[in-house]
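Biologist: Could you bring the model up so that we can go through it together? I have a handful of questions and will probably jump around.

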Amino acid sequence: MTDTLSDSRTASRMFTEDVPVVVEDVRRRPPTEREAVLADPGFGRHFTDSMFVARYRHGEGWHDARLTTYGPLQMDPATAALHYAQSIFEGLKAYAQPDGSVATFRPEANAARFARGARRLAMPVVPEESFLTAVDALVDADRDWVPTGPDQTLYLRPYMLASEPFLGVRPAHEYLFMIIASPAGAYFPRGVHPVSVYLSEDYIRAAPGGTGDVKCAGNYAASLLAQEQAIEAGCDQVVWLDAVEKRYVEEMGGMNLFFVLGSGDDAELVTPALTGTLLPGITRDSLIEVARSMGHRVTERLFSVEEWRRGVADGTVTETFACGTAAVITPVGEVKARTGDFTVGDGTPGPLTMRLREALLDIQHGRVADPRGWLHRVG
Ligand SMILES: Cc1ncc(COP(=O)(O)O)c(C=O)c1O
């Protein structure tokens with residue numbers, strides 16, 4: 001296969017059955033520059049040398065899959081995604097393993113969620129196998145960018161956008177599927193601290209029949225003002241309530257929520273049910289399994305602000321935490337609401353919150369066995 005390509009281009013992977021991944025001769029930054037970035041990567045500020053790009057056209061399907069040098073895209077000003085937000089994305093991480101290999105965490109779950117998002121936004125589906133191939137190809141090409149410091153990771157951002165230059169409200173006929181990668185530092189470099197949250201009563205994130213259960217770009221644009229309002233109220237994060245009754249707790253910013261009832265070995269967990277307006281988080285799903293395997297009862301059901309407030313007051317709700325790929329687990333401390341403020345626990349992270357956090361991080365970083373096969377070795 002490689003004989004048909006120029007010296008600098010080889011294709012060892014197939015994106016789809018008849019579309020090879022062309023590997024271009026990527027312009028690589030010098031090791032000293034890379035090491036300086038990896039010493040303090042922050043989050044979402046630096047990007048690796050390569051990016052993955054594949055194109056789709058109606059009638060032709062997926063074509064022109066390649067790993068190329070990370071850099072700006074040239075776009076027609078009429079590009080549909082810029083006007084109508086026909087655009088979805090994913091977020092997952094690659095972890096340096098103790099044996100020197102690199103692994104991603106449950107990438108098939110991201111592939112499946114991406115496919116669901118594509119269907120909801122009337123976009124072509126990236127076959128799940130192709131999604132995995134593309135993620136592997138990028139991580140493999142830029143494995144030198146996978147940081148090895150404590151709790152450091154390589155954050156991966158697959159996304160798809162309508163690239164057809166056309167001003168009309170209908171599904172586009174052309175798309176770009178891309179993946180970029182960004183080294184990420186430890187989320188809590190100075191220790192884990194609870195965040196304060198603001199219950200959004202003016203704005204909603206998602207309504208029944210809408211797009212709350214998929215990762216489409218518009219959801220996030222529409223969330224920014226509420227997040228600003230939370231910051232103005234002196235809080236770190238916004239907490240979303242259900243759109244209809246504004247009574248049930250749904251999510252915190254871009255993270256799912258868990259409530260701990262009781263304490264010790266008998267502690268139970270409640271997480272808001274996936275009613276169609278919440279994003280089905282992969283961290284949420286993983287923690288449900290991890291907590292159950294530790295012997296804790298986990299229930300997915302509606303959980304009201306009133307139950308939260310009353311539970312904190314009478315001591316039944318002992319801990320609250322949010323979870324997602326970026327921060328893994330973030331404890332929730334102070335809660336501000338027009339109907340009255342309250343504080344969960346004593347302002348320090350709860351014991352079950354921290355146990356679950358360590359348990360999941362240990363699996364992701366390969367420090368313990370992985371009986372569920374959640375780690376996907378890249379190579
Ligand atoms: C709205 C929202 N909820 C929850 C999550 C957590 O999902 P995951 O655990 O798959 O990262 C995310 C992040 O992807 C999100 O954007």
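Biologist: Is Glu-60 buried, partly exposed or exposed?

Modeller: This is a predicted model, so what I give you is computed from it. Glu-60 has a relative accessible area of 45% and is therefore classed as partly exposed.

Biologist: And which residue does Glu-60 form a salt bridge with?

Modeller: The partner is Arg-57, with the closest N and O atoms 2.6 Å apart, and Arg-57 counts as partly exposed as well, at 37% relative accessibility.

Biologist: Which residues do shared salt-bridge partners join into one network?

Modeller: That network consists of Glu-24, Arg-55, Asp-64 and Arg-66. Within it, Glu-24 and Arg-66 form a salt bridge in which the closest N and O atoms are 2.6 Å apart, and both Glu-24 and Arg-66 are buried. In the structure as a whole there are 27 salt bridges.

Biologist: Where do Glu-24 and Arg-66 sit along the chain?

Modeller: They link distant parts of the chain, being 42 residues apart, with Glu-24 in the loop between strand 2 (19–23) and helix 1 (31–39) and Arg-66 in strand 4.

Biologist: What about Asp-64, how exposed is that one?

Modeller: Asp-64 lies in strand 4, residues 61–69, and is partly exposed, with a relative accessible area of 30%. Its backbone deserves a look too, as phi of Asp-64 is near 50°, a positive value in a residue other than glycine. Most residues other than glycine have a negative phi. Ala-122 also has a positive phi, near 55°, and is found in the loop between helix 3 and helix 4 (128–141).

Biologist: Which salt-bridge partner does Asp-144 have?

Modeller: Asp-144 pairs with Arg-34, the closest N and O atoms being 3.8 Å apart. That pair also connects distant parts of the chain, 110 residues apart, since Asp-144 is in the loop between helix 4 and strand 8 (153–162) and Arg-34 is in helix 1. Arg-34 is buried, at a relative accessible area of 14%.

Biologist: Changing topic, which residues touch the most other members of the largest nonpolar core?

Modeller: That core has 53 residues, and the ones touching the most other members are Phe-15, Phe-52, Met-160 and Phe-177. If residues up to four places away in sequence are not counted, Phe-52 touches, among others, Phe-15, Val-21, Leu-138, Phe-177 and Ile-179, and Arg-66 is also one of its contacts.

Biologist: Now the domains: what are their bounds?

Modeller: The domain assignment gives domain 1 as 9–184 and domain 2 as 195–364, and their C-alpha centres lie 29 Å apart. Each side contributes to the contact, with 21 residues from domain 1 and 21 residues from domain 2.

Biologist: How much area is buried between domain 1 and domain 2?

Modeller: It comes to about 1,800 Å², with carbon and sulfur atoms giving 58%. Of the area that domain 1 buries against domain 2, Phe-89, Phe-105 and Arg-113 supply 32%, more than any other three residues.

Biologist: And how many salt bridges are there between domain 1 and domain 2?

Modeller: The count between them is two, and the rule also finds twelve residue pairs in polar contact across that interface, both residues at pLDDT 80 or more. On the side of domain 1 that touches domain 2, strand 5 (87–89), strand 6 (92–96) and helix 3 (107–120) each supply at least two residues, the largest share, six residues, coming from helix 3.

Note on methods:
Residues numbered from 1 in each chain as written. Predicted model: local features only at pLDDT ≥ 70, side-chain atom pairs only at ≥ 80, totals over all residues. Heavy atoms only, no water. Core = buried A, V, L, I, M, F, W, Y, C linked by side-chain atoms within 4.5 Å. Buried < 20%, exposed > 50% of the residue type's maximum accessible area, 1.4 Å probe, protein only. Contact = heavy atoms within 4.5 Å. Domains from an automatic or database assignment. Buried area = accessible area lost by both parts, 1.4 Å probe. Salt bridge = Lys/Arg side-chain N within 4 Å of Asp/Glu carboxyl O. Polar contact = N/O pair within 3.5 Å; in protein donor to acceptor, adjacent residues only side chain to side chain. Helix = DSSP H or I, 4+ residues; strand = E, 2+ residues; numbered from the N terminus.
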